[in-house]
Amino acid sequence: MQPDKEQLEARLHYPLGQALPEPGRALGVAPGVKWLRMALPFALDHINLWLLRDTQDGREGWTAVDCCIAHDAAKAQWDRVFEHALESLPILRVVVTHMHPDHIGLAHWLCQRWTTAQHDCHLWISATDHAIACTASQSTTGFGGETAAAFFASQGLTDADQLAQIRGRASYYPNLVPAVPRQYHRLMDGGQLTIGGRAWQCISGYGHAPEHIALHCPELGVLISGDMVLPRISTNVSVYDQEPEADALTLFLDSLDKFLPLPAATLVLPSHGKPFTGLHERIQQLKDHHADRLAEVLQACQAQPCSAADILPVMFKRPLDLHQTTFAMGEAVAHLHRLWHGGQLVRSRGVDGVFRFRTA
Ligand SMILES: [Zn+2]
């Protein structure tokens with residue numbers, strides 16, 4: 001029997017127990033580091049944001065890490081934070097780990113809100129995620145529309161109704177991220193930020209977002225892991241229509257190795273779930289999880305050539321709604337592509353236009 005989610009989670013440690021920040025309030029998790037938790041109207045029902053005590057150009061204030069989606073309800077949550085959690089100090093800059101809507105949605109609003117004649121509140125983000133967020137907020141990249149529907153069809157999704165809905169979701173990203181700041185400060189792997197007099201090191205990660213940046217503070221023993229390492233759910237690793245031949249899972253698994261040199265006692269601040277210790281255990285769990293899925297996928301393709309749609313019931317043993325189906329399809333393609341790029345599967349395209357994979 002493989003351990004279930006609860007058994008795996010029991011091997012991690014939550015130093016704050018069941019404590020959660022109250023809506024609109026911040027909970028201290030380390031010196032100068034505060035935790036905010038905001039509600040999301042998705043299956044993923046919340047996101048964690050962080051406030052780091054900072055000084056910029058001689059000004060006292062906060063660095064905010066991640067933003068929540070650009071909905072009025074999220075702005076209202078921020079308004080309560082401005083009132084109760086900032087100790088009457090301004091937000092000086094906004095760091096965004098990656099371009100997904102729950103992380104970057106309100107970056108434009110926050111930067112504008114906190115820019116004054118004396119201080120420019122800038123967005124700090126990787127160049128890749130800035131560029132792709134700008135494109136996606138003005139188009140239909142990756143999350144819906146005609147090219148997404150064609151991509152899913154080529155991966156075996158043939159249900160006309162579902163494809164029509166995907167075509168109709170062209171404005172998914174712009175609805176959640178209507179604007180992105182034109183100017184930004186570029187974050188790069190190995191780069192260092194000084195926040196409140198402490199050094200934070202940037203660790204890039206791939207496979208979940210174009211160029212995700214996690215932040216590690218050796219002095220505090222704290223890692224802001226973003227979505228790269230989550231305590232309970234496994235990070236979504238998908239292939240999207242914009243990069244239809246990507247090997248996202250290999251990129252993700254290789255990126256996890258970059259966290260292995262961090263100390264065992266590191267306090268991990270994830271974007272979803274609770275702060276935890278047990279980074280190395282969690283990385284191993286994620287590797288095991290994907291190794292199991294890859295073995296299942298390989299076995300299915302041994303029996304007969306499979307499209308990504310054929311793989312869904314193998315990988316996901318529960319009914320999926322359309323939103324979950326598109327995520328699951330992206331994940332299925334990511335697993336097939338790791339085996340394909342690794343030479344264990346070969347791919348061919350049928351007269352029906354569908355890619356199918358069989359063992360090499
Ligand atoms: Zn994400």
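These are my notebook entries on a zinc site, two nonpolar cores, some salt bridges and one histidine in a predicted model.

**Entry 1: the zinc ion**

I began with the metal and asked which protein atoms act as donors to the zinc ion. I found NE2 of His98, ND1 of His100, NE2 of His208 and OD of Asp227. They lie 2.1 to 2.2 Å from the zinc ion.

Next I looked up the angles. The 4 donor atoms subtend angles of 90 to 173° around the zinc ion, so I noted the arrangement as irregular. For four donors to count as tetrahedral, all angles would have to lie between 85 and 135 degrees.

I then wrote down how the donors are spaced along the chain, which is H-x1-H-x107-H-x18-D. His98 and His208 are 110 residues apart, and the pair links distant parts of the chain. I located His98 in the loop between strand E5 (91–95) and helix H3 (101–104). His208 is in the loop between strand E9 (198–205) and strand E10 (212–217). Are these two histidines buried or exposed? I noted both His98 and His208 as buried.

**Entry 2: nonpolar cores**

I turned to the interior. In soluble globular proteins, nonpolar side chains tend to be buried together. Here the largest nonpolar core has 52 residues. Which residues have the most contacts inside this core? They are Phe259 and Ile311.

I listed the elements that give two or more residues to this core; among them are helix H6 (146–154), helix H7 (160–168), helix H10 (279–303) and helix H12 (322–341). Strand E14 (355–359) is also one of them.

I followed Ile311 further. Leaving out residues up to four places away in sequence, Ile311 touches Val297, Ala300, Cys301, Cys306, Ala332 and Leu336.

I also found a second, separate core, which has 39 residues. Leu89, Met99, Leu110 and Cys134 are included in this second core.

**Entry 3: salt bridges**

How many salt bridges does a search of the whole structure find? The search gives 14. I looked up several of them.

Arg53 pairs with Glu60, and their closest N and O atoms are 2.9 Å apart. Arg53 has a relative accessible area of 28% and is partly exposed. Glu60, at 38%, is partly exposed too.

Asp189 and Lys258 form another salt bridge, at 3.2 Å from N to O. Asp189 is in the loop between strand E7 (184–187) and strand E8 (192–195), and Lys258 is in the loop between H9 and strand E12 (267–270), so this pair ties together parts 69 residues apart in sequence. I noted Asp189 as partly exposed at 42% relative accessibility, and Lys258 as partly exposed at 29%.

Arg356 and Asp352 also meet in a salt bridge, 2.8 Å from N to O. Arg356 is partly exposed at 27% relative accessibility. Asp352 has 47% and counts as partly exposed, because the exposed class begins over 50%.

I closed this entry with a network of salt bridges that links Glu6, Glu9 and Arg232.

**Entry 4: His216**

Last, I looked up His216, which I placed in strand E10. His216 has a relative accessible area of 7%; buried means under 20%, so this residue counts as buried.

What does His216 touch, not counting residues up to four places away in sequence? I recorded Ala199, Trp200, Gln201, Ile203, Val222, Leu223, Leu262, Pro263 and Thr266.

Note on methods
Residues are numbered from 1 along each chain as its sequence is written. This is a predicted model: local features need pLDDT of at least 70, side-chain atom pairs count only at pLDDT 80 or more; totals for chains, interfaces and linings use all residues. Side-chain values use heavy atoms; hydrogens and water are left out. Donors are N, O and S atoms within 2.8 Å of the metal (3.2 Å for Na, K and Ca); water is not among the atoms, so sites may look incomplete. Four donors count as tetrahedral if all angles lie between 85 and 135 degrees; four count as square planar and six as octahedral if opposite donors are over 155 degrees apart and all others between 65 and 115; anything else is irregular. Helices (H or I, at least four residues) and strands (E, at least two) are DSSP runs, numbered from the N terminus. Buried means under 20% relative accessible area, exposed over 50%, partly exposed in between (1.4 Å probe, protein chains only). A nonpolar core is a set of buried Ala, Val, Leu, Ile, Met, Phe, Trp, Tyr and Cys residues joined through side-chain atoms within 4.5 Å. Contact means heavy atoms within 4.5 Å. A salt bridge is a side-chain nitrogen of Lys or Arg within 4 Å of a carboxyl oxygen of Asp or Glu.
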